[in-house]
Amino acid sequence: MKNRKILLTENEIPDKWYNIIADMPNKPLPPLHPGTKEPIGPDALAPLFPMDLIMQEVSPEKWIDIPDEVRDIYTLWRPTPMYRAYNLEKVLDTPAKIYYKYEGVSPAGSHKPNTAVAQAYYNKQEGVKKITTETGAGQWGCALAFACNHFGIDLDVYMVSISFDQKPYRKSMMNTWGANVISSPSNSTNAGRSILADSPDSTGSLGIAISEAVEAAASDPDIKYSLGSVLNHVLMHQTILGLEAVNQMEKAEDFPDIVIAPFGGGSNFAGLSFPFLRHNLESGKKVRAIAAEPTSCPKLTKGQFRYDFGDTIGMTPLLPMYTLGHNFVPAPIHAGGLRYHGAGVVVSQLLHDGLIEAQSVDQIEAFEAGVQFSRTEGIIPAPEANHGIAVAVREALIAKEEGTPKTILFNLCGHGNFDMSAYEAYFAGGLERHTMTDEQIAEAVSHLDTPEIPA
Ligand SMILES: Cc1ncc(COP(=O)(O)O)c(C=O)c1O
């Protein structure tokens, strides 16, 4: 019998996160104050985040210890399995070996609890009683609701209104873990009211929901804010999954030529790829890391590399990133977690330096790949994950054309059991491709008046 799963024991859960900044040839540029546009230091972030997380955000250390209490909660679902996708390989008739790391076994159903638990832990350490956050498809909101419930912290989640309507059960999951969920844009913040005044039918976006959650936290000293992607510490927490994956590939006596993950703000992509990129940076390996983004929100493949706000209203620090503009509202695709105008600073710098790659996928190609995966490997992936699978299929077919036995590893970052309305729409022929034209992209970025990054 073939060995399908590559498993680790609980003792093999990593005890440190990997901070790729220590190994980057060009370090990320500093964030700028949204008003003065001058570089800011750690203190400027203190109203929003606990100091331990801020120190991780700016840390130059290569390895950061994972607290025992966080590792203990991780054992509820970690280590996660890695699979060899024999059935998919067979239908694709490819010489490529395809592996996937499966993060859908977490209580919330995705990779997001890897950072949610860590963030809730450090907030608890600082005595924080309440947190606000945003969520797209609801995966991040569910993860933080699960984590805050564990540590007895209250949570308000601003959920992008299109997903609030499309994914009612994710809202119920958040409620089950005790969180309060608000459809965004809402009437409960100045940011939400100003958006609704301009566009009463706004379907919302992650940028708008971030504005609302940041405003709610910034206007009350007893509330902190938590972000599910983009920031350095969030990406670093996710490296636990890639560190496990390196160990699992070694157990399989293999090593990937290509690692692939879907891309919203960059956290699951960073989580999988950074521990492999470490081998490129340290010892000259040549793993290709490919981020898979939607053609409806192609910031990495077609956006500008410049300073931009993390939110729509312009309340967050300015970050050096690939962006389509903080005002950009992506088409209402079903992969809600990928509807974000910008990208993590570290991932952006790596892309700018040619150390990683990006490809865009429209949602029809993504669902075709997701359905093919469900019908071969069994698991029904989250719509976000389908983008990564589509790129894995593309690369496996290229390997077939070239006759090269490539090893491909992708991150199956979440299951889609609460996204079945998206699959229904796909089967009913109700999904559009939503590819942005060059004119639309030029229009989107033409509004940007944020600082440029010197060449
Ligand atoms: C299942 C899933 N995958 C991917 C993403 C994209 O986020 P990130 O790029 O931070 O991994 C999300 C975001 O909510 C998500 O829910």
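**Exercise 1. Determine how far helix α4 is enclosed in this predicted model.**

Solution. Of the 13 residues of α4, 11 are buried, so the helix is largely enclosed by the rest of the structure. The cut-off behind this step is a relative accessible area under 20%. The buried positions are P113, N114, T115, A116, V117, A118, Q119, A120, Y121, Y122 and N123.

Next, check the length. α4 covers residues 113-125, and its first and last C-alpha atoms are 18 Å apart, close to the 18 Å expected at 1.5 Å a residue. After the helix comes G127, with a positive phi near 80°.

**Exercise 2. Work through helix α14 by burial, span and ends.**

Solution. Begin with burial: 11 of the 15 residues of α14 are buried, so this helix is largely enclosed by the rest of the structure. These residues are Q363, I364, A366, F367, A369, G370, V371, F373, S374, T376 and E377.

For the span, 15 residues at 1.5 Å a residue should give 21 Å; the end C-alpha atoms of α14 lie 20 Å apart, which agrees.

Then take the ends. At the N-terminal end, D362 acts as a cap, with a side-chain oxygen 2.8 Å from the backbone nitrogen of I364. Just after the helix, G378 has a positive phi of about 100°.

**Exercise 3. Classify the ring pair F367 and Y426, and place its two members in the chain.**

Solution. The model has 17 aromatic pairs, counting rings whose centres lie within 6.5 Å. For F367 and Y426 the ring centres are 5.6 Å apart and the planes meet at 25°; planes under 30 degrees apart count as stacked, so this pair is stacked.

The pair links distant parts of the chain, since F367 belongs to helix α14 (residues 363-377) and Y426 to helix α16 (residues 420-427), 59 residues apart. Both F367 and Y426 are buried.

**Exercise 4. Identify an aromatic cluster and the charged side chains that lie over rings.**

Solution. One aromatic cluster is formed by Y74, W77, F146 and W177. Two charge-over-ring cases follow. K2 is positioned over the face of Y86, 4.6 Å from the ring centre. R84 is positioned over the face of Y99, 5.6 Å from the ring centre.

**Exercise 5. Describe the surroundings of the ligand and its polar contacts.**

Solution. There are 14 residues around the ligand, of which S229, G264, G266, S267 and N268 come nearest.

Now list contacts to oxygen atoms of the ligand:

- G265 places a backbone N or O atom 3.0 Å from a ligand oxygen.
- G266 places a backbone N or O atom 2.9 Å from a ligand oxygen.
- S267 has a side-chain N or O atom 2.7 Å from a ligand oxygen.

Taken alone, the ligand exposes 390 Å², and the protein buries 97% of that area.

To complete the description, locate S229. This residue sits in the loop between β9 (223-225) and α10 (232-251). Its relative accessibility is 10%, so S229 counts as buried. Measuring C-alpha to C-alpha, S229 is 37 Å in space from K2, and the two are 227 residues apart in sequence.

**Exercise 6. Find the cis peptide bonds before P79 and P185, and locate both prolines.**

Solution. R78 and P79 are joined by a cis peptide bond with omega of about -5°. P79 falls in the loop between α2 (68-74) and β4 (82-84).

The bond from S184 to P185 is also cis, with omega near 10°. P185 falls in the loop between β8 (180-184) and α8 (190-198).

**Exercise 7. Assess D93 and H434, non-glycine residues with positive phi, by location and accessibility.**

Solution. For D93, phi is positive at about 50°. The residue is in the loop between α3 (86-92) and β5 (97-102). Since its relative accessibility is 52%, D93 counts as exposed, the cut-off being over 50%.

For H434, phi is positive and near 50°. H434 is in the loop between α16 and α17 (438-446). With a relative accessible area of 24%, H434 is partly exposed.

Terms used
Residues are numbered from 1 along each chain as its sequence is written. This is a predicted model: local features need pLDDT of at least 70, side-chain atom pairs count only at pLDDT 80 or more; totals for chains, interfaces and linings use all residues. Side-chain values use heavy atoms; hydrogens and water are left out. Helices (H or I, at least four residues) and strands (E, at least two) are DSSP runs, numbered from the N terminus. The expected span of a helix is 1.5 Å times one less than its number of residues. Buried means under 20% relative accessible area, exposed over 50%, partly exposed in between (1.4 Å probe, protein chains only). Rings of Phe, Tyr and Trp (its six-membered ring) pair if their centres lie within 6.5 Å; planes under 30 degrees apart count as stacked, over 60 as edge-to-face and the rest as tilted. A charge sits over a ring if NZ of Lys or CZ of Arg is within 6 Å of the ring centre and within 35 degrees of the ring normal. A residue is near a molecule or strand if one of its heavy atoms lies within 4 Å of it. A polar contact is a pair of N or O atoms within 3.5 Å; within protein, one must be able to donate a hydrogen and the other to accept it, and residues adjacent in sequence count only if both atoms are side-chain atoms. Accessible areas come from the Shrake-Rupley method with a 1.4 Å probe; for residues, only the protein chains shown count as cover.
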